[in-house]
Amino acid sequence: MASITDCVVEGLKYPFTNIKKILGIGVLFALVSALSTVIGIKSFDIFRMSIHLVENTNSTVSQIPFSQLPAGDIYLVVGLSVISFIVGLFILGYQYDVVKFSIDRKADLPGFKDIAGLLVRGIKYLIVTVAYYIIPVIVWTAGIAFAGDSSVFIIVSLIAGLLVIIAYFLMIMAVNNMVAYGSIKKAFDFREITDNIANLGWGKYIGIVLFTVIVMMIISVAVGIILSFITVAFAAVINNQAVIISIVIAIIEGLFIDSYMTVFFSRVCGSIYRESIK
C-alpha cells in the first residue's frame, strides 16, 4: 500500500506527463479567471452606482428604478456569469476524467474529444458537490437568522463549520465512488463510502487529504509571491491600467496554476480511492 507521500508526490508529477493537455484545460481556467475578473470589476461598478443613487435619492436599493442602473453592465455581468458557469462545468467534467484515469492507473492525462460527455460529467460532479454541502449551508443560513443573539450565532456557526469539514471529507470519497462505478447513485452509498475510508484507515485518509491541502497552500503562497512581483513589473510598464493588469494576471494564474493544482488534487483523490479498495 502506497504511503501518504507516495500518493502526493505521484500527483505532483502527473500534470507534467502531457504539457499540451494541461495547457488545454489551463485555457478553460484562464477563461474563467478572466471572466471572473471582469465580472468582479463590473459588479463593483454597479454596486458603486447603486450606493450613489441611494445617497442622492434617499431611497433603498430595492426602490431604485432599473432604468437608472447601468443596464449594459448588468446584462454583461449576467451574460459573462452564464458563460463562466458553463465553462466551469467542462472543468468539473475534466476533473471527473482525471479521477477516473487515476483509479484506472492510466499514466496519461484525459483528452477533450468527448465535449458532450465532459459537460454531462461536470453536471454530475456539481450535483454531488451541492448535495453534500447543502446541509452545512442550511445550518449556516439558520445561524444568520440568529445573528442578533451572539451566543446562538457562534454555536450555530461552529456546528456549520464542523459539518462543512465532515461534508468535505465524505464528498471526496463520494465523488471517487461515483466515478469508479459511473453512477451518480454511488455518490450517496454512504455505507460503501465509509467502508472504503475504513479500509484505507480514517487516519491515513484524513492525513493524505490534509497533506495534499497543505502542499497546495504552500504552492499557492509561493505562486502568490511570484505573481506579486509580476504585477509590480506590469504596473511599472503599463501605467494606470489596473484592469488590464488584473486580467493578465488572472489569465496567467488560470492557465498555469489553477490547471496544475486541480489536476494534481484530482489525481491524488483517484489514488486515494485506488488504495482504499485494495
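At 17% relative accessibility, Arg-121 counts as buried, the term denoting a relative accessible area under 20%, with exposed meaning over 50% and partly exposed in between (1.4 Å probe, protein chains only). The model is a predicted one, in which local features need pLDDT of at least 70 and side-chain atom pairs count only at pLDDT 80 or more, whereas totals for chains, interfaces and linings use all residues. Residues are numbered from 1 along each chain as its sequence is written, and side-chain values use heavy atoms, with hydrogens and water left out.

The side chain of Arg-121 meets that of Asp-97 in a salt bridge with an N to O distance of 2.7 Å, where a salt bridge is defined as a side-chain nitrogen of Lys or Arg within 4 Å of a carboxyl oxygen of Asp or Glu. Because Arg-121 belongs to helix 4 and Asp-97 to helix 3, this pair ties together parts that are 24 residues apart in sequence; helices are taken as DSSP runs (H or I, at least four residues), as are strands (E, at least two), and both are numbered from the N terminus. Asp-97 is likewise assigned as buried, its relative accessible area being 11%. A salt bridge also links Arg-121 to Asp-114, with the closest N and O atoms 3.4 Å apart, and here the acidic residue is partly exposed at 40% relative accessibility. Elsewhere in the chain, Asp-189 and Lys-186 form a salt bridge through their side chains at 3.6 Å, N to O, and these residues are partly exposed, with relative accessible areas of 24% for Asp-189 and 23% for Lys-186. Through shared partners, salt bridges join Asp-97, Asp-114 and Arg-121 into one network. The structure holds nine salt bridges.

With regard to overall architecture, the secondary structure comprises eight helices and zero strands, so that, under the DSSP assignment, the pattern read along the sequence is α-α-α-α-α-α-α-α. The C-alpha trace spans about 65 × 50 × 35 Å along its principal axes, and buried residues account for 38% of the 278 residues in the chain. Of the contacts (heavy atoms within 4.5 Å) between residues at least 6 apart in sequence, 79% join residues at least 24 apart.

The largest nonpolar core contains 35 residues, and those with the most contacts inside it are Val-128, Met-173, Val-175, Tyr-205, Phe-264 and Ile-272; such a core is a set of buried Ala, Val, Leu, Ile, Met, Phe, Trp, Tyr and Cys residues joined through side-chain atoms within 4.5 Å. Two or more residues are given to this core by each of helix 1, helix 3, helix 4, helix 5 (150–181), helix 6 (190–200), helix 7 and helix 8 (242–276). Another core, of 14 residues, lies apart from it and includes Val-32, Val-87, Tyr-94 and Leu-109. When neighbours within four places in sequence are left aside, Tyr-205 is in contact with Phe-169, Ile-172, Met-173, Ile-197, Leu-200 and Ile-272. Phe-264 is placed with its C-alpha atom 9.4 Å from that of Val-9, although the two are 255 residues apart along the chain. Val-9 itself lies in helix 1 (residues 4–13) and is partly exposed, with a relative accessible area of 38%.

A disulfide is a covalent bond between the sulfur atoms of two cysteines. With the criterion that a pair of cysteine sulfur atoms be within 2.5 Å, the count comes to zero disulfides. The sulfur of Cys-7 has its closest cysteine sulfur in Cys-269, at 11 Å, which is too far for a bond. Both cysteines are nevertheless buried, with relative accessible areas of 4% for Cys-7 and 7% for Cys-269.

At the surface, the chain exposes about 14,700 Å², of which carbon and sulfur atoms supply 73%, the areas being obtained by the Shrake-Rupley method with a 1.4 Å probe and, for residues, with only the protein chains shown counting as cover. Trp-202, Ile-206, Leu-210, Ile-214 and Ile-218 make a nonpolar surface patch of about 460 Å²; patches are made of residues with over 30% relative accessible area and no salt bridge, like charges being joined within 9 Å and nonpolar side chains (Val, Leu, Ile, Met, Phe, Trp, Tyr) within 5 Å. Ile-218 lies in helix 7 (residues 202–237) and, at 55% relative accessibility, counts as exposed. Arg-105, found in the loop between helix 3 (71–103) and helix 4 (115–145), is also exposed, at 52% relative accessibility, and has a positive phi of about 60° although it is not a glycine.
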